[in-house]
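The report that follows describes a protein chain through its helices, strands, cores and charged pairs. The sequence and structure are shown first.

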Amino acid sequence: MKTSDFWYDLPRRCIAQSPAERRDHSRLMRLDRRTGLTQQLSFFQLPGLLRPGDCLVLNNTRVLPARLIGRRGSGGQAELLLLRDLGEDVWECLAKPGKRIGAGCALDFGDGLLRGSVTAVKPDGLRDIHFEYEGVFLEVLERLGRAPLPPYISERLDDDARYQTIYAKSPGSAAAPTAGLHFTKELLEELSAGGVLVRELTLHIGLGTFRPVQAERIEEHHMHSELCMLPEDTAQAVRETKRRGGRVIAVGTTVCRTLESRVDDQGDVQAGSGWTDIFISPGFTFRAIDGLITNFHLPESTLLMLVSAFAGREHVLRAYEEAVRDGYRFFSFGDAMAIL
């Protein structure tokens, strides 16, 4: 298939620049993956779509305050987006202005609280940067860093907590698992009281979430790798749910990718951790999930391809056209879709 097969026209006015006033008061479009029929709801009505015995799986990754703004040793501003911890105080980073941040470049953040030196410039333009500091790195980062909002959001976020899920606990992401931003403590309690199992896993989201597909044909696209961890209690809950005939509902494409990458030859989901570069596109056979809660994604993105694989490209693009026409809010701070 061609990348252009996943294009749709999105007016800029549809791109949400700030979160909804209340998390669970965003809009929710239910899409029937078999018929393509849609239903217009609010997110707080989600419990009415799930059944006792269903298993809802969340990604508990926590977004790092990974955007650093400081100075180059030679003068001038430097901006980093921390992407991946390589160990021994070395991080893989996206750097701006790239042409002025070469190998050996010294960087300073917070008047010496955090110092960096570029140890490598990679072919893809990313930098390996070695940091020096006193104390605990994550505590220094909390003092100096900012939420790494996606490039299509131009407004400043007043409360960085709105770019975290309420259940975020495992730090390591460069972006939020945005399907989870709609949940409140009360909503999760209501789901549990209604007999829905709620379980967690971790996938740390990296640069690939911002990268466009450059290949003309999707088969030529190389998917980025991300670290994921599936605990035994979640894997067991998924297996038991499937055996009972319940549905496994992934909250977000990150949960979907993690679960589908952990399916063994017998079709059972197994616990474990490691890097996944699974690329889900039309033609993929889903063996782990039966439903997907997700936001509305960028044209020609791997996330839109995944959603199209699950619900059918024609159904998805028709639903997206309806969403544009009806004034839904798109992308990270936008509205949601429940595909069941």
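## Helix α1 and its surroundings

A residue is called buried when its relative accessible area is under 20%, exposed when that area is over 50%, and partly exposed in between. The model is a predicted one, and the assignments below should be read with that in mind. In helix α1, which spans residues 137-144, the buried residues are F137, V140 and L141. Viewed down the axis of α1, these buried residues fall within an arc of 100 degrees, so they line one face of the helix. The face of α1 turned away from that buried side carries E139, E142 and R143, which are exposed. The cover over the buried residues of α1 includes the strands β5 (67-72), β6 (77-87), β7 (90-96), β9 (114-121) and β10 (127-133).

V140, which is found in helix α1, has a relative accessible area of 9% and is therefore buried. When neighbours within four places in sequence are left aside, V140 is in contact with L113, L114, Y133 and E134. The C-alpha atom of V140 is separated by 34 Å from that of S301, a residue 161 places away along the chain.

## Two nonpolar cores

Which residues of the largest nonpolar core touch the most other members? In this core of 62 residues they are L259, I289, L292 and F330. Helix α5 (residues 302-311) gives the most to this core, contributing seven residues. Apart from it lies another core, made up of 24 residues, among them L82, V118, I129 and V140.

Beyond its neighbours within four places in sequence, I289 is in contact with K242, V248, A250, C256, L259, E260 and F310. Three of these partners, C256, L259 and E260, are also listed among the buried residues of helix α4.

## The enclosed helix α4

Helix α4 (residues 253-261) has eight of its nine residues buried, so it is largely enclosed by the rest of the structure. The buried residues of α4 are T253, T254, V255, C256, R257, T258, L259 and E260, a list that includes charged and polar side chains as well as nonpolar ones.

## Strand pairing around β5

Strands β5 and β6 pair in the antiparallel sense over five bridges, with G70 having A78 in β6 as its bridge partner. The hairpin of β5 and β6 has four residues between the strands, and within the hairpin G75 takes a positive phi near 100 degrees.

Strand β5 is also joined to strand β8 (residues 106-109), by two bridges, and these strands run antiparallel. Here R72 stands opposite L107 in β8.

## Salt bridges

How many salt bridges does the model contain? The count comes to 16. One of them brings together the side chains of E132 and R115, at 3.8 Å from N to O; the pair links distant parts of the chain, since E132 lies in strand β10 and R115 in strand β9, 17 residues apart. E132 counts as partly exposed because its relative accessibility is 42%, and R115, at 35%, likewise counts as partly exposed.

A salt bridge with an N to O distance of 2.7 Å joins the side chains of R239 and E232. R239, at 15% relative accessibility, counts as buried, whereas E232, with a relative accessible area of 40%, is partly exposed. E314 forms a salt bridge with R313, their closest N and O atoms being 3.7 Å apart; E314 is partly exposed at 49%, and R313 is partly exposed at 24%. In addition, R84, E92, K122 and D128 are linked in a network of salt bridges.

## A buried arginine without a salt bridge

R162 lies in the loop between α1 and β11 (170-173). Although R162 is buried, it has no salt bridge, and the nearest side chain of opposite charge, that of D159, is 6.0 Å away. A salt bridge requires a side-chain nitrogen of Lys or Arg within 4 Å of a carboxyl oxygen of Asp or Glu, so the separation of R162 from D159 does not qualify.

Leaving aside neighbours within four places in sequence, R162 is in contact with P19, A20, E21, R22, R23, L157, L181 and F333.

Definitions and conventions
Residues are numbered from 1 along each chain as its sequence is written. This is a predicted model: local features need pLDDT of at least 70, side-chain atom pairs count only at pLDDT 80 or more; totals for chains, interfaces and linings use all residues. Side-chain values use heavy atoms; hydrogens and water are left out. A nonpolar core is a set of buried Ala, Val, Leu, Ile, Met, Phe, Trp, Tyr and Cys residues joined through side-chain atoms within 4.5 Å. Buried means under 20% relative accessible area, exposed over 50%, partly exposed in between (1.4 Å probe, protein chains only). Contact means heavy atoms within 4.5 Å. The arc is that of the directions from the helix axis to the C-beta atoms. Lys and Arg count as positive and Asp and Glu as negative; His and the chain ends are not counted. Two strands pair if DSSP finds at least two bridges between them.
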